[in-house]
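Student: I keep meeting words like "buried" and "antiparallel" when people describe proteins. Could we go through one structure together and ask where such words come from?

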Amino acid sequence: MRIRVPATSANLGPGFDSCGIALSLYLTIAVKEESESWEIEHSLGDEIPSDESNLIIKTALEVLPSLKPHKLKMTSEIPLTRGLGSSSSAIVAGIELANRLGELNLSTQEKVEIATKIEGHPDNVAPAICGDFVVASFLENDEKDQVKYVKHYFPECELLAFIPTSELLTSESRGVLPTTLSFKEAVQASAIANVMIAALIQGNLPLAGKMMEKDHWHEKYRARLVSHLSKVQEICKKNQAYGSFLSGAGPTVIILTSEEKSQSIQDQLQQLDPQAKVEALSIDQEGVQVF
C-alpha cells in the first residue's frame, strides 16, 4: 500500500488561515510488513526521525494508539520549512495510515477535523486531504461543527513556485504578526479576501490576483523576513502576471500567470536568485490518495 499526499500553499494572500490549494509535489509513504517497532526509512537527513517520534507515526498513533508497528518507506518532493505544507502533508499521511491499517473508514469531514485539531488551522491540511482549492474555517470555541470547508475548482493558469534556499520556520514567521488590528483595517482585510474568493470562483484571475497582492493580514509584516518578496512581485508586475503571494508562512512565493508569460517570468526569477528553485507546478485536484 502507498499513501500519497500533495504539497499545499496556504493563505493565497488575504485568505489567511483559511484558503489553500493543493500542488503537484508529493509526500509518498510505502507501507511494508509488520515489525516489532515502528521504523520509517527516508533520505531526508538526521533532523527527520526514523522511529515512532516521526510526525507521521505520531499522528497515526494519536488517531489510533493500538496500531501495530510497521516498516515504512518515505519519499518526499516537498521541501522542508519553505511554506509548502511539509508538516501538514505528514499529518495527513499519518491520519490516512491509521485509517487504512485500522480500517476506520473515516469520512473526508472526519479527516479534515482531525487534521485541523492537530495542525491548529485548516488552510494546509484541508487541501492536502481534498485537493484543488479549499476555503475552510475552524471555530475553536464551538463544541460542535468546529470545522467547515468548501472545495472548488481552481481556475486554469500557469503556476510558478519561487523556492529560495533559505528556510523560514512557521513559529518565526508568526512571531512578527500583530496581536490585534483596528476594526476599520479588519473590515477592509475581510472585504479584500471576500472579493478574492469570489473572483476565483468566477474564474476571474486578473481580479483575484490583484486582491491577492492587497493582503492586510500578514504579508506586510512578514515582508521583512522575506527580502525577495518585493523583487519577485516587481518581476510579476513587469510581465503582467495575474498575481503573486507568499506561500503559507514563506519564504516560497507562488506566481499565477498566463501560459504565454510563464517562461519569461520563470527565466527572470531564476536570474534573480540562481540558487533558488523555480518550479512550474499544477493544481492537484484529488488530494490524499491510496494505491
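Student: Why is Val134 called buried?

Tutor: Keep in mind that this is a predicted model. Val134 has a relative accessibility of 0%, and buried means under 20%, so Val134 counts as buried. Val134 sits in strand 5, residues 133–138.

Student: What is Val134 in contact with, leaving aside its neighbours within four places in sequence?

Tutor: Val134 is in contact with Ser18, Cys19, Gly20, Ala126, Pro127, Tyr149, Val150 and Lys151. The word contact here means heavy atoms within 4.5 Å. Asp123 is 11 residues from Val134 in sequence, and their C-alpha atoms are 7.6 Å apart in space.

Student: How do you know that Thr116 is buried?

Tutor: Use the cut-off of 20% again. Thr116 has a relative accessible area of 0%, so Thr116 is buried. Thr116 belongs to helix 3, and, once neighbours within four places in sequence are set aside, His121, Pro122, Val125, Phe138 and Val147 are in contact with Thr116.

Student: What makes the phi of Asn11 worth a remark?

Tutor: Most residues other than glycine have a negative phi. Asn11 is not a glycine, yet has a positive phi of about 85 degrees. You can find Asn11 in the loop between strand 1 (2–10) and strand 2 (19–34).

Student: Which other residue has a positive phi of about 50 degrees although it is not a glycine?

Tutor: That is Glu103, in the loop between helix 2 (86–101) and helix 3 (108–119).

Student: Why is Asn11 called buried, and why is Glu103 called exposed?

Tutor: Set each value against its cut-off. Asn11 has 2% relative accessibility and buried means under 20%, so Asn11 counts as buried. Glu103 has 66% and exposed means over 50%, so Glu103 counts as exposed.

Student: What makes the bond between Gly250 and Pro251 a point to look at?

Tutor: Most peptide bonds are trans. The one joining Gly250 and Pro251 is cis, with omega about 5 degrees. Pro251 lies in the loop between strand 8 (243–246) and strand 9.

Student: Now for the helices. Why are helix 1 and helix 2 called oblique to each other?

Tutor: Their axes cross at roughly 45 degrees and come within 7 Å. Under 35 degrees would count as roughly parallel, and 65 to 115 as roughly perpendicular. An angle of roughly 45 degrees falls in neither range, so helix 1 and helix 2 are oblique. Helix 1 passes helix 2 in a right-handed crossing.

Student: Which residues make that contact?

Tutor: From helix 1 come Leu55, Ile56, Thr59, Ala60 and Val63, while helix 2 brings Ser87, Ala90, Ile91, Ala93, Gly94, Ile95, Leu97 and Ala98. Sorted by class, there are 10 nonpolar, three polar and no charged residues.

Student: How do you know that helix 6 and helix 7 are roughly antiparallel?

Tutor: Helix 6 (residues 183–202) and helix 7 (residues 205–212) pack at an angle of about 155 degrees, with axes 8 Å apart. Angles over 145 count as roughly antiparallel, so the name fits helix 6 and helix 7. Their crossing is left-handed. In helix 6, Ile192, Val195, Met196, Ala199 and Leu200 meet Leu205, Leu207, Ala208, Met211 and Met212 in helix 7. By class, this contact has 10 nonpolar, no polar and no charged residues.

Student: Why are helix 9 and helix 10 called roughly antiparallel?

Tutor: The axes of helix 9 (residues 229–238) and helix 10 (residues 259–272) come within 10 Å and cross at roughly 155 degrees. Again the cut-off is 145, so helix 9 and helix 10 are roughly antiparallel. The crossing of helix 9 with helix 10 is right-handed. Lys231, Val232, Ile235 and Lys238 of helix 9 make the contact with Ile265, Gln268, Leu269 and Leu272 of helix 10. The classes here are five nonpolar, one polar and two charged residues.

Student: Which residues of helix 10 are buried, and what do they pack against?

Tutor: Ser262, Ile265, Gln266, Gln268 and Leu269 are buried. The buried residues of helix 10 pack against strand 7 (158–163), helix 9, strand 9 (253–257) and strand 10 (277–281).

Conventions
Residues numbered from 1 in each chain as written. Predicted model: local features only at pLDDT ≥ 70, side-chain atom pairs only at ≥ 80, totals over all residues. Heavy atoms only, no water. Axes fitted to C-alpha atoms, helices over the stretch in contact; angles between N-to-C directions. Helix = DSSP H or I, 4+ residues; strand = E, 2+ residues; numbered from the N terminus. Left-handed = near helix turned anticlockwise from the far one by under 90°. Nonpolar A, V, L, I, M, F, W, Y, C, P; charged D, E, K, R; others polar. Buried < 20%, exposed > 50% of the residue type's maximum accessible area, 1.4 Å probe, protein only.
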